[in-house]
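Trainee: Could we go through this structure together, term by term? I would like to see how each label is earned.
Mentor: Happily; let us open it and start with a pair of strands.

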Amino acid sequence: MTIRIDRRQFLMGSSALVAAGAAGVMPAWAQADSLRLTFWGGQARADRTYAVTDLYKAAKGTDIEGEFLAWNDYWPKLATQTAGGNAPDIIQMDYRYIVEYAKRNAIAPLDEFVGGVLDLSSFDEDQLEGGKVDGKLYGISLGANSVATLVNVSAFEEAGVEVPTNDWTLDDLMAIGEAFKSANIRGGMKAIQDGSYSEPMLDNWLRQRGKALYTAEGKLGFDEADAVEWYQLWAKLREAGVCVSAEDQALDTGPLESTMLVLGKAALMPSNSNQLVAFQAIVQDKLGMVGYPRIAPGVGGGHYRKPSMFFSVGGSSANKEAAADFLNFFISDAEAVKALGVERGIPCVAASRDIVAPTLDEQSQIALNFVSNLGDLLGPLPPPPPAAAGEVDSSLIRTLGQEVGFGAKTPEQAGAELVTGATEILNRAV
């Protein structure tokens, strides 16, 4: 049987599930008796993932010991396992961390399996390139994705405010915020969550200005003046009551359930297109999706079709070929594709898209249409973030946004510290 360990069970140290792994093992060619799989996400993703591991068990006879955690818990756990030489065979990997894990040999190159157990002959080329580091393939994209603004359509209707379109701007956001204040629905729901410490939102805002978070050489792609303006923008929105207060935003600790959208504190939330499915599963209001606000009318190019996440094979895995075989099954088996839908993004194999399209529910159709019709919002895929990008995000971008929100630092102080601190981190990591 397939072993499933959700976050709660993991924290409880469920021994019963571990013991179950000894049962039902069926040998198969080049297959391991069992493989360990780890991923971040919520219950909806877990249900879909485990449906596929059940299919794989039935088809190949290999058990998959699955484990999932919330984003904030996932990376410390994976780092500990990697340092201890006990990383899982199959690792869900993010675009921001793939360079770091590849350069530390924490994940394995997959090139030797391509054309063998791993058939990528019809895989989208841009998504394939996104999984490469120094020319070697380290991650199989599990879906094309884009940043997006999730919209509580029901709240907009209740407030009597028109839902924005992909043409909306930051000035429109200010007007929407004023309208929500006047409507005063649901105990003072604000227009949007505080995006000042959202790395993807900062990245999109910079790209619209012709800059970037990072250059292809792994250097900082913006300067202090950009950073100061970014914090000033959100300070203005915060003071105007357009975005939520710092106190409310602090309630967001990572899980979907603590976000401003789910808590009913804000009607708009920067997110990713593939997350609409998961949010709709836990929100009763009708949700929709638009792009991030433009910095001015007609300015586009801030979005890109990003690999939503990858599956990589652990560098210390003793079953790399078997793990690669599971990845091939995950992205191309017809029943697996149906089970997964677009929860992790739009499938990267053309035949898989054809299989899944007729099966999609309303929210998945919204995500599919959004990613397929970005229009002039779409820009080129940036290079993978440098190895220390994760530390810059967690130690600086998020922290400084909070400190400005609570008044501990001015936008000018935070802007200077972001550039100085990020530069030091990037230089140290070289």
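Trainee: How many bridges join β2 to strand β3, and do they run parallel or antiparallel?
Mentor: Seven bridges join β2 to β3 (residues 63-69), and the two strands run parallel. Two strands pair if DSSP finds at least two bridges between them, so with seven bridges β2 and β3 count as paired. One of the bridge partners is easy to find: Ser34 has Asp63 opposite in β3. Before we go on, this is a predicted model, in which local features need pLDDT of at least 70, side-chain atom pairs count only at pLDDT 80 or more, and totals for chains, interfaces and linings use all residues. Residues are numbered from 1 along each chain as its sequence is written, and side-chain values use heavy atoms, with hydrogens and water left out.

Trainee: Why is strand β2 called largely enclosed?
Mentor: Five of the seven residues of β2 (residues 34-40) are buried, so the rest of the structure largely encloses this strand. Buried means under 20% relative accessible area, exposed means over 50%, and partly exposed is in between (1.4 Å probe, protein chains only). The element names come from DSSP runs: helices are H or I with at least four residues, strands are E with at least two, and both are numbered from the N terminus.

Trainee: What makes Arg45 count as buried?
Mentor: Arg45 has 5% relative accessibility, so it counts as buried. This residue belongs to helix α3 (residues 43-60). Leaving aside neighbours within four places in sequence, Arg45 is in contact (heavy atoms within 4.5 Å) with Phe39, Trp40, Gln92, Asn274, Met309, Glu343 and Arg344.

Trainee: Is Trp168 buried or exposed?
Mentor: Trp168 is buried, because its relative accessible area is 2%. You will find Trp168 in the loop between α7 (153-159) and α8. Residues that Trp168 touches, not counting those up to four places away in sequence, include Thr149, Leu268, Val290 and Tyr292. Trp168 and Tyr292 are 124 residues apart in sequence and 8.1 Å apart in space, C-alpha to C-alpha.

Trainee: Which strands are the edge strands of the open four-stranded sheet, and what makes them so?
Mentor: The sheet has the order β10-β11-β9-β12, with mixed pairing. Its edge strands are β10 (190-192) and β12 (287-290), each of which pairs on one side only. On average, neighbouring strands here are turned by 25 degrees against each other, direction ignored. Two bridges join β10 to β11 (residues 266-272), and these strands run parallel; Ile192 has Leu268 as its bridge partner in β11.

Trainee: Which helix packs on the sheet at β10 and β11?
Mentor: That is α8 (residues 170-183), which touches β10 and β11 and whose direction makes about 155 degrees with that of β10. Helix α17 (residues 362-372) lies across β9 (147-152) and β12, running at about 5 degrees to β12. Axes are lines fitted to C-alpha atoms, for helices over the stretch in contact, and angles run from 0 to 180 degrees between N-to-C directions.

Trainee: How many cavities of 30 Å³ or more does the structure hold?
Mentor: The structure holds three. A cavity is a set of points on a 1 Å grid over the protein atoms alone where a 1.4 Å probe fits but cannot get out, and lining residues have an atom within 4 Å of a point. About 180 Å³ of space lies in the largest cavity. Of the 18 residues lining the largest cavity, the closest to its centre are Leu142, Phe330, Ile331, Leu340 and Pro347. Helices α14 (320-332) and α15 (334-340) each supply at least two residues of that lining.

Trainee: What makes Asp134 stand out by its phi, and is the residue buried or exposed?
Mentor: Phi of Asp134 is near 55 degrees, a positive value in a residue other than glycine. Most residues other than glycine have a negative phi. Asp134 is in the loop between β5 (132-133) and β6 (136-137), and it is exposed, because its relative accessible area is 65%. Asn184 also has a positive phi, near 50 degrees, and is exposed, with a relative accessible area of 51%.

Conventions:
1 Å grid on protein atoms, 1.4 Å probe; cavity = no way out; pocket = protein on both sides within 12 Å on 5 of 7 lines; lining within 4 Å. Points joined across faces, edges and corners; volume = space filled by probe spheres on them.
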